[in-house]
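These exercises ask you to read helix packing and residue surroundings from a model. Try each task before reading its solution.

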Amino acid sequence: MADSGTPSAPQPAPLPVQGNAAVAVLSAWLIPGLGHFYLRRRLRGVAFLVLVLVSILVGCWLEGNLYQVVPGQPLTILATLASMGMGFPYFLLRYALHYQGNIMGPGYEYGTAFLLTGGLMNLLLVLDAWDIVRGKKE
Amino acid sequence: MLSHFLLMVLYALLVSLFFSLLWRRGRREQIRLFLQIFIGMVGGGLLVAWLMYPFPSGPPAPIP
């Protein structure tokens, strides 16, 4: 019953490595979709930019919490890292626009979920750009 | 506009669009995955809401 003699299924040839990994990953993190744009997945890059920005804008409109580290609350470190995943928009909101959520706002919890989701989406885009540049994804 | 249902649908729409574009390349596969995630999220939310319906909501939680 042993199938050691049967040839294994042919593995797909690795896709050619393209672009500079550091540039792709950094640009993917800095501006949502920019990494894909750099890797010539322009339509997908624009679509990702729109999706992540809509998520962030809805989160701000609902006055959700843009996390920052609170001493004595270690879970806020993870939440802050997730929020910072959105890249430049995080720093724009926090330090240029002085955005602060409104805990009394009716959409506070939803807004926080949208903001966190925007950051996490962009982190996944960074990993996707990394996979593309390494030739593991199309 | 601040309807729980509409916000849930908007959230499901964003997430399902995102993952269908991220994980699939063919148009048909993207649409298929989009529908699976979207219906799963909205339908799952409605199912949980239906299951929770008999339970009283109680007083609102205090604001920390």
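Angles between helix axes of over 145 degrees count as roughly antiparallel, and those under 35 degrees as roughly parallel. The model used here is a predicted one.

**Exercise 1. Describe the secondary structure of chain A and its packing overall.**

Step 1. Chain A has 6 helices and 0 strands. Read from the N terminus, its elements run α-α-α-α-α-α.

Step 2. Chain A has 138 residues, and 38% of them are buried.

Step 3. Take the contacts in chain A with a separation of 6 or more: 69% of these are between residues 24 or more positions apart.

**Exercise 2. Check the span of helix H6 of chain A, and find what follows this helix.**

Step 1. Helix H6 of chain A covers residues 108-133, which is 26 residues.

Step 2. The expected span is 1.5 Å times one less than the number of residues. For H6(A) this gives 38 Å.

Step 3. The end C-alpha atoms of H6(A) are 38 Å apart, so the expected span and the model agree.

Step 4. After H6(A) comes A:Gly135, which has a positive phi, near 80 degrees.

**Exercise 3. How are H1(A) and H6(A) oriented to each other: roughly parallel or roughly antiparallel?**

Step 1. H1 of chain A spans residues 21-30, and its axis comes within 8 Å of that of H6(A). The two axes cross at roughly 160 degrees.

Step 2. An angle over 145 degrees counts as roughly antiparallel. H1(A) and H6(A) are therefore roughly antiparallel.

Step 3. The crossing of H1(A) and H6(A) is right-handed.

Step 4. On the H1(A) side, the contact is made by A:Ala21, A:Ala24, A:Val25, A:Ala28 and A:Trp29. On the H6(A) side, the residues are A:Asn122, A:Leu125, A:Val126, A:Ala129, A:Trp130 and A:Val133.

Step 5. Sorted by class, this contact of H1(A) with H6(A) has 10 nonpolar residues, 1 polar residue and no charged ones.

**Exercise 4. Describe the contact between chain A and chain B, then the helix pairs within it.**

Step 1. The contact takes 18 residues from chain A and 12 residues from chain B. On the side of chain A that touches chain B, helices H3 (42-61) and H6 each supply at least two residues. That side of chain A has 12 nonpolar, 3 polar and 3 charged residues.

Step 2. Begin with H3(A) and H1 of chain B, residues 4-23. Their axes come within 10 Å and cross at roughly 155 degrees. H3(A) is thus roughly antiparallel to H1(B), and the crossing is left-handed.

Step 3. The residues of H3(A) in this contact include A:Phe48, A:Leu51 and A:Val54, and those of H1(B) include B:Leu14 and B:Leu17. The contact of H3(A) with H1(B) divides into 10 nonpolar, 1 polar and 1 charged.

Step 4. Now take H6(A) and H1(B). Their axes are 12 Å apart and pack at an angle of about 0 degrees. This makes H6(A) roughly parallel to H1(B).

Step 5. Among the residues of H6(A) that meet H1(B) are A:Tyr110, A:Phe114 and A:Met121, and among their partners in H1(B) are B:Tyr11 and B:Val15. The contact of H6(A) with H1(B) has 10 nonpolar, 1 polar and 1 charged residues.

**Exercise 5. Locate A:Arg40 and A:His98, and describe their phi angles and surroundings.**

Step 1. Most residues other than glycine have a negative phi.

Step 2. A:Arg40 is not a glycine, yet its phi is positive, near 65 degrees. A:Arg40 lies in the loop between helix H2 (34-38) and H3 of chain A. A:Arg40 is exposed, because 11 other C-beta atoms lie within 10 Å, and the cut-off for exposed is 12 or fewer.

Step 3. A:His98, also not a glycine, has a positive phi of about 50 degrees. A:His98 is in the loop between helix H5 (88-96) and H6 of chain A. With 7 C-beta neighbours inside 10 Å, A:His98 counts as exposed.

**Exercise 6. Is B:Val42 exposed, partly exposed or buried, and which residues does B:Val42 contact?**

Step 1. B:Val42 belongs to helix H2 of chain B, residues 27-52.

Step 2. B:Val42 has 17 other C-beta atoms within 10 Å and is partly exposed.

Step 3. Setting aside neighbours within four places in sequence, B:Val42 is in contact with B:Met8, B:Val9 and B:Ala12.

Step 4. B:Tyr11 is 31 residues from B:Val42 along the chain, and their C-alpha atoms are separated by 9.3 Å.

Note on methods:
Residues are numbered from 1 along each chain as its sequence is written. Chains are lettered from A and ligands numbered from 1 in the order in which they are written. This is a predicted model: local features need pLDDT of at least 70, side-chain atom pairs count only at pLDDT 80 or more; totals for chains, interfaces and linings use all residues. Helices (H or I, at least four residues) and strands (E, at least two) are DSSP runs, numbered from the N terminus. Two residues are in contact if their C-beta atoms, placed from the backbone, lie within 7 Å. Ala, Val, Leu, Ile, Met, Phe, Trp, Tyr, Cys and Pro count as nonpolar, Asp, Glu, Lys and Arg as charged, and the others, Gly among them, as polar. A residue is buried if 20 or more other C-beta atoms lie within 10 Å of its own, exposed if 12 or fewer, and partly exposed in between; C-beta atoms are placed from the backbone. Axes are lines fitted to C-alpha atoms, for helices over the stretch in contact, and angles run from 0 to 180 degrees between N-to-C directions. Angles under 35 degrees count as roughly parallel, over 145 as roughly antiparallel, 65 to 115 as roughly perpendicular and the rest as oblique. A crossing is left-handed if the near helix is turned anticlockwise from the far one by less than a right angle, and right-handed if clockwise.
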